Amino acid sequence: MNYSALIQNRKSAREFTDREITFAQMETIQNYYYNSVRRLIPEIKTELYAFGPGTGAALEGAAGYNQFLVGAPQYLVLLSEKHDLAGINAGYMMQDLLLKLADMELDSCWLTFTDSEDIKGVLGIASDMDVVAI
């Protein structure tokens with residue numbers, strides 16, 4: 001990946017086409033996450049979840065900018081074990097993953113949320129880890 005070009009050309013999307021990610025694309029994303037994504041603190045355990053159609057409706061009111069959810073056909077949710085530096089580690093990891101998405105010509109944006117347990121509840125995630133990024 002040409003990080004410099006990706007950083008200069010990346011835009012955060014606020015409107016998505018209703019086009020789902022293919023199985024091959026999701027496999028590439030997951031392989032990149034588990035094998036190549038950069039971590040500031042490798043000892044912090046994390047998990048990446050992918051959600052497809054219908055997820056936006058579940059997240060309505062639980063995530064989004066001032067309760068306004070940017071609808072998308074797919075959502076990635078990063079969980080992390082509890083750690084003082086979990087948020088910094090997650091931000092670093094997800095920015096690397098967002099650059100990979102840009103390299104794949106897939107648009108993305110961060111979603112705001114305030115309650116990890118609420119997000120896990122509406123998405124049916126059973127984990128002791130915290131949601132740290134959507």
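Q: A patch is made of residues with over 30% relative accessible area and no salt bridge, and its nonpolar side chains are joined within 5 Å. Which residues make a nonpolar surface patch here?

A: The model is a predicted one. In it, L40, L85, I88 and Y92 make a nonpolar surface patch of about 360 Å². One of these residues, L40, is found in the loop between α2 (23–35) and β1 (46–51).

Q: Is L40 counted as buried, partly exposed or exposed?

A: A residue is buried under 20% relative accessible area and exposed over 50%, with partly exposed in between. L40 has a relative accessibility of 43%, so this residue counts as partly exposed.

Q: How should the overall architecture be read, and in what order do the elements of the protein chain run?

A: One begins with the elements and then turns to burial and contacts. The protein chain has five helices and three strands. Starting at the N terminus, the order is α-α-β-α-β-α-α-β. The chain has 134 residues, of which 42% count as buried. If one takes the contacts between residues at least 6 apart in sequence, 77% of them join residues at least 24 apart. The accessible surface comes to about 7,700 Å², and carbon and sulfur atoms account for 50% of that surface.

Q: Which residues have the most contacts inside the largest nonpolar core?

A: To read a core, one asks which residues it contains and which elements supply them. The largest nonpolar core has 18 residues, and V77, I119 and I134 have the most contacts inside it. Both β2 (75–80) and α5 (116–123) supply at least two residues of this core. The element that gives the most is β2, with three residues. There is also a second, separate core of 17 residues, which includes M26, L98, L101 and L106.

Q: With which residues is V77 in contact, leaving aside its neighbours within four places in sequence?

A: The list for V77 consists of E47, L48, Y49, F51, L123, I125, V131, A133 and I134. One of these partners, I134, is itself among the residues with the most contacts inside the largest core.

Q: Where are the buried residues of α5 placed around the helix axis?

A: In reading a helix, one identifies its buried residues and then their directions from the axis. The buried residues of α5 are S116, I119, K120 and L123. They cover an arc of only 95 degrees around the axis, and therefore lie on the same side of α5. These buried residues pack against β1, α3 (55–59), β2 and β3 (130–133).

Q: How many salt bridges are there?

A: A salt bridge requires a side-chain nitrogen of Lys or Arg within 4 Å of a carboxyl oxygen of Asp or Glu. By this rule the count is three. One of them joins the side chains of K82 and D130, with 2.7 Å from N to O. K82 lies in the loop between β2 and α4 (86–103) and D130 in strand β3, so this pair ties together parts that are 48 residues apart in sequence. K82 counts as exposed, at 55% relative accessibility, whereas D130 counts as partly exposed, at 23%.

Q: How far apart in their helices are the residues of the K100–D103 pair and the K120–E117 pair?

A: K100 and D103 are three residues apart in helix α4, so about one helical turn separates them. Their side chains meet in a salt bridge at 4.0 Å, N to O. K100 is buried, with a relative accessible area of 15%, and D103 is partly exposed, with 36%. In helix α5, K120 and E117 are likewise three residues apart, which means about one helical turn. This salt bridge is at 3.0 Å, N to O. K120 counts as buried at 4% relative accessibility, while E117 is partly exposed with a relative accessible area of 48%.

Q: What can be read from the loop between α4 and α5, where E105 and F113 are found?

A: For E105, one may look at the backbone: phi is near 65 degrees, a positive value in a residue other than glycine. At 69% relative accessibility, E105 counts as exposed. For F113, one may look at the contacts. Not counting residues up to four places away in sequence, F113 touches A62, A63, I119, V131, V132, A133 and I134. The C-alpha atoms of F113 and V131 are separated by 9.2 Å, and the two residues are 18 residues apart along the chain.

How values were computed. Residues numbered from 1 in each chain as written. Predicted model: local features only at pLDDT ≥ 70, side-chain atom pairs only at ≥ 80, totals over all residues. Heavy atoms only, no water. Core = buried A, V, L, I, M, F, W, Y, C linked by side-chain atoms within 4.5 Å. Buried < 20%, exposed > 50% of the residue type's maximum accessible area, 1.4 Å probe, protein only. Helix = DSSP H or I, 4+ residues; strand = E, 2+ residues; numbered from the N terminus. Contact = heavy atoms within 4.5 Å. Patch = residues over 30% accessible without salt bridge, like charges linked within 9 Å, V, L, I, M, F, W, Y side chains within 5 Å. Areas by Shrake-Rupley, 256 points an atom, 1.4 Å probe, with all protein chains shown as cover. Arc of directions from axis to C-beta.
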